[in-house]
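Here are my notes for your review. Please read them alongside the coordinates.

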Amino acid sequence: AVWESSNDTVVSVDSSGVITAMGEGEAEVTVTAGGKSATCKVSVTEKKIMPGDVDGDGAVNLFDMMQCLNHVSGKTVLTDDAFTAADVDKNGVVDLFDLMRILNYVSGKSAVV
């Protein structure tokens, strides 16, 4: 089988058909085998991470605050999207300042995280 992407800046596809997102946009992935072909449209969009939504459930709540607290206290280590969401002030560190912003939001003392 031969796999092809119509736009390698959006998605790349290897010889096994594994598709990798490369950038935002749309592309078509086509496979040709045995004289027949099939095409699939692929859309790549930027993943939106909500500040303070550490568990990624679409809401900032007590569970997010506890995950941030566990990270700040050293009980757990946040990584990837959870770390990005917990780093509310976007300074590359999840610390007490981020925890306090989440706490103020959850407790209703602040309208924004």
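1. Ser 110 first. With a relative accessibility of 25%, Ser 110 counts as partly exposed, because that class lies between the buried limit of 20% and the exposed limit of 50%. The model is predicted, so please read this value and the ones below as computed from a prediction.

2. Where does Ser 110 sit? Its place is the segment after helix H3, which covers 96–106. Setting aside residues up to four places away in sequence, Ser 110 touches Asn 104 and Tyr 105. Both contacts of Ser 110 are worth viewing together with its partial exposure.

3. Next, Ser 43. This residue belongs to strand E5. Ser 43 is exposed, at a relative accessible area of 52%; the class applies because exposed means over 50%. Neighbours within four places in sequence aside, Ser 43 is in contact with Gly 25 and Glu 26. Towards Gly 56 the picture is as follows: 13 residues separate Ser 43 and Gly 56 in sequence, and their C-alpha atoms are 22 Å apart in space.

4. The sheet around Ser 43. Strand E5 is part of an open sheet of three strands, ordered E1-E4-E5, with antiparallel pairing. The edges are strand E1 (2–5) and strand E5 (36–44), each of which pairs on one side only. On average, neighbouring strands in this sheet are turned by 20° against each other, with direction ignored.

5. The E4 and E5 pairing. How many bridges join strand E4 and E5? There are nine, in the antiparallel sense, and E4 covers residues 25–33. Two pairs fix the register for the eye. Thr 30 has Thr 39 of E5 as its bridge partner. Thr 32 has Ser 37 of E5 as its bridge partner. In a regular strand, side chains alternate between the two faces of the sheet.

6. The turn. E4 and E5 make a hairpin, with two residues between them. Gly 34 lies in that turn, and its phi is positive, about 60°.

7. Cysteines. Which class does each one fall in, buried or partly exposed? Cys 40 is partly exposed, at 45% relative accessibility. Cys 68 is buried, with a relative accessible area of 0%. A disulfide is a covalent bond between the sulfur atoms of two cysteines. A search of the whole structure finds zero disulfides.

8. Element order. The chain holds three helices and five strands. From the N terminus on, they run β-β-β-β-β-α-α-α. The radius of gyration is 20 Å, well over the 13 Å that the globule rule gives for 113 residues, so the chain is more spread out than a compact globule. The C-alpha trace spans about 65 × 30 × 20 Å along its principal axes.

9. Burial and contacts. How much of the chain counts as buried? Of its 113 residues, 27% do. Among contacts with a separation of 6 or more, 30% come from residues 24 or more positions apart. The exposed area of the chain is about 7,300 Å², and carbon and sulfur atoms supply 56% of it.

10. To sum up for the file. The chain is more spread out than a compact globule. Its open sheet has the order E1-E4-E5, and the hairpin of E4 and E5 carries Gly 34 in its turn. Ser 43 is exposed in this model, whereas Ser 110 is partly exposed.

Key
Residues numbered from 1 in each chain as written. Predicted model: local features only at pLDDT ≥ 70, side-chain atom pairs only at ≥ 80, totals over all residues. Heavy atoms only, no water. Disulfide = S-S within 2.5 Å. Buried < 20%, exposed > 50% of the residue type's maximum accessible area, 1.4 Å probe, protein only. Pairing = 2+ DSSP bridges. Helix = DSSP H or I, 4+ residues; strand = E, 2+ residues; numbered from the N terminus. Axes fitted to C-alpha atoms, helices over the stretch in contact; angles between N-to-C directions. Rg over C-alpha atoms; globule rule 2.2 N^0.38 Å. Contact = heavy atoms within 4.5 Å. Areas by Shrake-Rupley, 256 points an atom, 1.4 Å probe, with all protein chains shown as cover.
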